[in-house]
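Biologist: I am new to this structure and would like to learn how to read it. Could you take me through a few features, one at a time?

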Amino acid sequence: MTVKHVEDVEKKNVAAGKDTTIQVLISAQEGPNFALRKFSMKPGGGMPRHTNTVEHEQYVLRGQAQIGIGDEIYEVNAGDAVFIPEGIVHFYENIGEEPFEFLCIVPNKPDEIKIVEEAC
């Protein structure tokens, strides 16, 4: 069993992202089935179009962003839940004036990330 505060978890820059950090709150070593991560994007930040080989379940904590999923673009805000199926192209762009933060739950399976487009 693990209990920790988000402020005690190291923030790491997302390599392909712009002004985006990740914190692994519950790792694959701690949770037998799922990992829990927190992403934070500064205003104007985001992540380019990419795919993953695992699904994503997400919950928006704060801010406002556009999220592209396949051919659709959604505007999301605090309180929204998002599901991204495995293999679907998706991107994020913080369109607000405050940080955009969300929790992301993924299965503990190998994940291959492929960048489709470099620009955020």
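Modeller: Gladly! Keep in mind that this is a predicted model. Let us begin with a polar contact: the side chains of glutamine 58 and tyrosine 92 meet at 2.6 Å.

Biologist: Where is glutamine 58?

Modeller: Glutamine 58 belongs to strand 4, which covers residues 56–62.

Biologist: Is glutamine 58 buried or exposed?

Modeller: The general idea is that a residue under 20% relative accessible area is called buried. Glutamine 58 has a relative accessible area of 6%, so it is buried.

Biologist: Which residues does glutamine 58 touch, leaving aside those up to four places away in sequence?

Modeller: Among them are Asp80, Ala81, Val82 and Ile84. Tyr92 is on that list too, together with Phe102, Leu103 and Cys104.

Biologist: Now to rings. How many aromatic pairs are found in the whole structure?

Modeller: The search finds three. To read a pair, look at the distance between ring centres and the angle between planes; under 30 degrees counts as stacked. Tyrosine 92 and phenylalanine 102 have ring centres 5.2 Å apart and planes at 10 degrees, so this pair is stacked. Tyrosine 92 sits in strand 8 (residues 90–94) and phenylalanine 102 in strand 9 (residues 100–107), so the pair links parts that are ten residues apart in sequence. Both tyrosine 92 and phenylalanine 102 are buried.

Biologist: And how do the rings of phenylalanine 100 and phenylalanine 102 sit, with what distance between centres and what angle between planes?

Modeller: Their centres are 5.4 Å apart and their planes are at 40 degrees, so phenylalanine 100 and phenylalanine 102 make a tilted pair. Both of these phenylalanines are buried as well.

Biologist: Which residues form one aromatic cluster?

Modeller: The cluster consists of Phe39, Tyr92, Phe100 and Phe102.

Biologist: Let us turn to pockets. How much space lies in the largest pocket?

Modeller: About 380 Å³. A good way to read a pocket is to ask who lines it. The largest pocket is lined by 23 residues, and those closest to its centre are Arg37, Phe39, Asn52, Asp111 and Ile113. Strand 3 (34–51), strand 4, strand 8 and strand 9 each give two or more residues to the lining.

Biologist: Which strand provides the largest share of that lining?

Modeller: Strand 3 does, with six residues. By class, the lining of the largest pocket holds 14 nonpolar, six polar and three charged residues.

Biologist: Could we practise on a histidine? Where is histidine 90 found, and is it buried or exposed?

Modeller: Histidine 90 is in strand 8. Its relative accessibility is 1%, so histidine 90 counts as buried.

Biologist: What does the side chain of histidine 90 reach at 2.9 Å?

Modeller: It reaches the backbone oxygen of isoleucine 88. The side chain of histidine 90 also has a polar contact of 3.2 Å with the side chain of asparagine 52. Not counting residues up to four places away in sequence, histidine 90 touches several others, including Pro48, His50, His56 and Ile69.

Biologist: One last feature, the backbone. What is the phi of aspartate 19?

Modeller: Aspartate 19 has a positive phi of about 50 degrees, although it is not a glycine. You can find aspartate 19 in strand 2 (residues 18–26). With a relative accessible area of 42%, aspartate 19 is partly exposed.

Note on methods
Residues are numbered from 1 along each chain as its sequence is written. This is a predicted model: local features need pLDDT of at least 70, side-chain atom pairs count only at pLDDT 80 or more; totals for chains, interfaces and linings use all residues. Side-chain values use heavy atoms; hydrogens and water are left out. Rings of Phe, Tyr and Trp (its six-membered ring) pair if their centres lie within 6.5 Å; planes under 30 degrees apart count as stacked, over 60 as edge-to-face and the rest as tilted. Helices (H or I, at least four residues) and strands (E, at least two) are DSSP runs, numbered from the N terminus. Buried means under 20% relative accessible area, exposed over 50%, partly exposed in between (1.4 Å probe, protein chains only). A polar contact is a pair of N or O atoms within 3.5 Å; within protein, one must be able to donate a hydrogen and the other to accept it, and residues adjacent in sequence count only if both atoms are side-chain atoms. Contact means heavy atoms within 4.5 Å. On a 1 Å grid over the protein atoms alone, a cavity is a set of points where a 1.4 Å probe fits but cannot get out, and a pocket is an open set with protein on both sides within 12 Å along at least five of seven lines; lining residues have an atom within 4 Å of a point. Grid points are joined across faces, edges and corners, and a volume is the space filled by probe spheres set on the points. Ala, Val, Leu, Ile, Met, Phe, Trp, Tyr, Cys and Pro count as nonpolar, Asp, Glu, Lys and Arg as charged, and the others, Gly among them, as polar.
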